[in-house]
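Colleague: Please take one part of this model and examine it closely, then follow the chain onward from there. I should like a connected account rather than a list.

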Amino acid sequence: MSDKMTNSFGRPVVDDQHTATAGVDGPALIEDTHLIDKLAHFDRERIPERVVHAKGAGAYGYFEVTADVSLYTKASFLSEVGKRTDIFARFSTVGGEKGSADSDRDPRGFALKFYTEDGNYEMVGNNTPVFFIRDPLKFPDFIHTQKRNPATNLKDPDMFWDFLSLTPESLHQVTILFSDRGTPKSYRYMNGYSSHTYLWYTDTNRYWVKLHFKTDQGNESLTGPEAAELAASDPDSATRDLYAAIASDNDPSWTVNVQIMNEADAANYRYDPFDVTKVWPHSDYPLIPFGKMVLNRNPENYFADVEQAAFSPGSFVPGVAASPDKMLQGRLFSYPDTHRHRLGTNYSLIPVNQPKGTVPRTYERDGSMRVDGNFGGNPNYYPNTFDGPIPDESGAEPGLAVTGMTGRYEYPHPNDDYEQPRALFADVMDDTDRDHLIANVSGHLGGAQKRLQLRQCALFHRVHPEFGIRVAEAIGVDADEVARLAALTQEELVAATS
Ligand code: NDP
C-alpha cells in the first residue's frame with residue numbers, strides 16, 4: 001500500500017484534487033495553504049539555467065588506476081594500480097539552451113568529479129583538446145557570439161563569424177568543431193580532454209600534464225545531415241543513449257591517458273604549453289595510459305544529481321595543481337562564482353557535490369540554504385583554543401617561479417595559429433573528413449555577410465589554400481580575392497573587410 005501523503009512539513013494532506021472554495025461555486029480561499037504552497041513551490045521549480053553547458057546528461061561510476069604514475073604525482077587516488085575512486089560525470093553541449101538538441105554542432109562538455117579521500121578532484125574538460133580563445137578576458141564576448149542576437153533573439157551567423165574571423169587563435173578549434181567531431185554520435189562515442197595543462201607533483205618532482213580520455217566505444221560522429229535529422233526527430237538523443245546504455249548494463253568506459261612534460265622543458269618547447277589553443281603533438285609527448293573510467297549507475301533523480309551538479313576546475317587534491325594557462329586561471333574564478341549565483345553559496349552541501357571520501361571541517365558558516373547542522377556549537381573563528389580544526393600542511397601546493405612586471409601580455413612563445421589546424425587538415429583528416437568539413441563550414445558561413453565570408457575564408461586559406469578555396473567556392477565567394485586577402489597582415493585583412 002502507498003504511504004500517506006503529507007505536505008512538506010509532514011502534516012497530512014486530506015484532499016489533493018479539490019481547491020477549497022467559499023461554497024460550491026465561490027472563489028478560492030487564501031486559507032487553502034496546501035494549494036498556495038503547492039503553486040508557490042511549482043512557481044519556483046526552475047533554477048537559473050547554466051549560462052553555458054545548459055543541456056546535459058550525467059552518470060555515476062568509478063575511475064581505476066591501471067598503471068603506476070606515483071613517480072609523477074602524489075595524488076592518493078592515483079597511488080596504486082587497482083585503486084578505485086567513485087566518480088560523477090556530466091556531459092553537455094555548450095551554447096544551446098536547456099531545451100536545445102543534443103546533436104547540435106558544438107563542443108561537448110566532459111566534466112568529472114572524483115570523490116577522493118583528499119576531497120573532490122574535479123576536471124572540467126571538453127571533447128576537444130583545444131579551445132577557441134586563450135585569454136579569459138575574451139570569454140564572455142565569445143559566448144555572446146554563440147548565443148542570440150540582442151535585437152532579433154535569433155542565432156546569428158554574422159556575430160559568430162565576425163568574432164571568430166577577428167580572432168585567428170580560434171581556427172584550431174573551429175576546424176575541429178566543423179569536422180564531424182563537432183557532432184559526436186552520442187556522449188559515449190567521444191573522447192574527453194583536460195584541454196588545459198595541469199601540474200602533477202610529488203614531494204620532489206614536478207611535471208606539466210594533459211589528460212586524454214579515449215572512448216572505448218570507438219570514436220563515432222554524425223555527418224552534418226545526420227545531426228540535423230536527429231535534432232528534429234530526437235532532440236534528446238545523447239541523453240537517451242547514455243541513460244539507456246547504463247540501464248541495460250552496457251556501461252560505457254574510457255581509457256585515461258596522460259601526456260607528461262618535464263617542468264624545465266616548458267620554456268624551450270616549440271609551442272607554449274599553457275596556450276589552450278595548442279595540443280602537444282603525440283610524437284613529442286606520447287600518450288601514457290594509466291586509468292580506466294567506467295559509468296555504471298544512472299542518477300535516480302535528474303534534478304538532484306545532474307542539474308544541481310557543480311564542477312570547479314580549481315577543485316584540486318594534493319598532487320595536482322593549476323598551471324599558468326590564462327583560460328584556466330579565469331575559469332578557477334568563474335566556475336565557483338557561477339555556482340554561487342545559480343545554486344547558492346552552500347552549493348557544496350548538495351549531495352552530488354558533497355565530498356564522499358572526506359568530511360569538510362571549515363569555518364564557513366550560515367548563508368542561504370544551510371541545510372546541515374552548520375557545525376553546531378563548534379568555534380566559528382580561527383585561530384581558537386576550543387579544539388577547532390587546524391591547517392593541514394599535507395595540502396601545501398608547490399609554488400610557481402615568476403619573474404618580470406605585471407602587465408597585459410601576449411603568450412611569450414611564438415603564436416602560429418595556423419600550423420596545428422594545418423596538420424589536422426592536411427595530415428590527420430582523410431578525403432571524406434575534408435569533404436564533410438567543407439560542407440559543414442559552408443552551410444553555416446553561407447549565412448553570414450559577404451565581407452565576413454571573405455575574412456573567414458582568408459583565415460582558412462592561411463591554414464591551407466585548399467581549405468580557403470574550397471569553402472569560398474562552396475559559398476560563392478571569389479577564390480582569387482580570398483587568396484589575395486590571405487596574404488595580408490591580420491590588421492590589413494580586418495581593414496579590408498570592415
Ligand atoms: P597524431 O596523428 O598523433 O594524432 C591525431 C589526433 O587527431 C588523434 O588524437 C585523433 O584522435 C585526432 N583526430 C582525428 N580526427 C580528428 C578531428 N576531426 N578533430 C580532432 N581530432 C581529430 O597527431 P599529432 O599529435 O601530431 O597532432 C596533429 C593534429 O591532430 C593536431 O594539430 C591536432 O589538430 C590533432 N589532435 C592532436 C591531439 C594531441 O593531443 N596531440 C589530440 C587531438 C587532435 P583519435 O585517436 O581519437 O582518432
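Modeller: In this predicted model, G388 is buried, because its relative accessible area of 14% falls under the 20% cut-off. The residue belongs to the loop between helix 8 (326-342) and helix 9. G388 can also be related to another position, T362: the two are 26 residues apart in sequence, and their C-alpha atoms are 9.0 Å apart in space.

The backbone of this loop deserves attention. P383 also lies between helix 8 and helix 9, and the peptide bond that joins Y382 to P383 is cis, with omega at about 5°. Two further residues of the loop have notable phi angles. D366, in the loop between helix 8 and helix 9, has a phi near 65°, a positive value in a residue other than glycine. N374, placed in the loop between helix 8 and helix 9 as well, has a positive phi of about 60° although it is not a glycine. As background, most peptide bonds are trans, and most residues other than glycine have a negative phi. As for exposure, D366 counts as partly exposed because its relative accessibility is 46%, whereas G388 is buried at 14%.

The loop is bounded on one side by helix 9, and the account now turns to the ligand. Around the ligand there are 20 residues, and the closest are H172, R181, N191, K214 and H282. By class, this shell holds 10 nonpolar, eight polar and two charged residues. Several polar side-chain atoms lie opposite oxygen atoms of the ligand. For H172 the separation is 2.6 Å, and for an N or O atom in the side chain of K214 it is 2.7 Å. For N219 the corresponding distance is 3.4 Å. On its own the ligand has 780 Å² of accessible area, of which the protein covers 76%. Helix 4 (171-177), strand 7 (206-215) and helix 9 (419-428) are the elements that each give two or more residues to the shell. Helix 9 supplies the largest share, four residues. At the level of domains, the shell draws at least three residues from each of domain 2 (56-127 + 184-353) and domain 3 (419-496).

Helix 9 also has a part in the largest nonpolar core. That core has 45 residues, and the members that touch the most others are W161, V441, L445, F460, F467 and V471. Among the elements that give two or more residues to this core are helix 4, helix 9, helix 10 (431-445) and helix 12 (465-475). The largest share, seven residues, comes from helix 11. This core, too, draws at least three residues from each of domain 2 and domain 3. In soluble globular proteins, nonpolar side chains tend to be buried together.

A charged residue completes the picture. R434 is found in helix 10, and R434 counts as buried because its relative accessible area is 12%, under the 20% cut-off. A polar atom of the R434 side chain lies 2.6 Å from the backbone oxygen of F425.

Finally, for orientation, the chain is divided into domain 1 (17-46), domain 2 and domain 3. The centres of domain 1 and domain 2, taken over C-alpha atoms, are separated by 45 Å.

Note on methods. Residues numbered from 1 in each chain as written. Predicted model: local features only at pLDDT ≥ 70, side-chain atom pairs only at ≥ 80, totals over all residues. Heavy atoms only, no water. Near = heavy atom within 4 Å. Polar contact = N/O pair within 3.5 Å; in protein donor to acceptor, adjacent residues only side chain to side chain. Areas by Shrake-Rupley, 256 points an atom, 1.4 Å probe, with all protein chains shown as cover. Nonpolar A, V, L, I, M, F, W, Y, C, P; charged D, E, K, R; others polar. Domains from an automatic or database assignment. Core = buried A, V, L, I, M, F, W, Y, C linked by side-chain atoms within 4.5 Å. Buried < 20%, exposed > 50% of the residue type's maximum accessible area, 1.4 Å probe, protein only.
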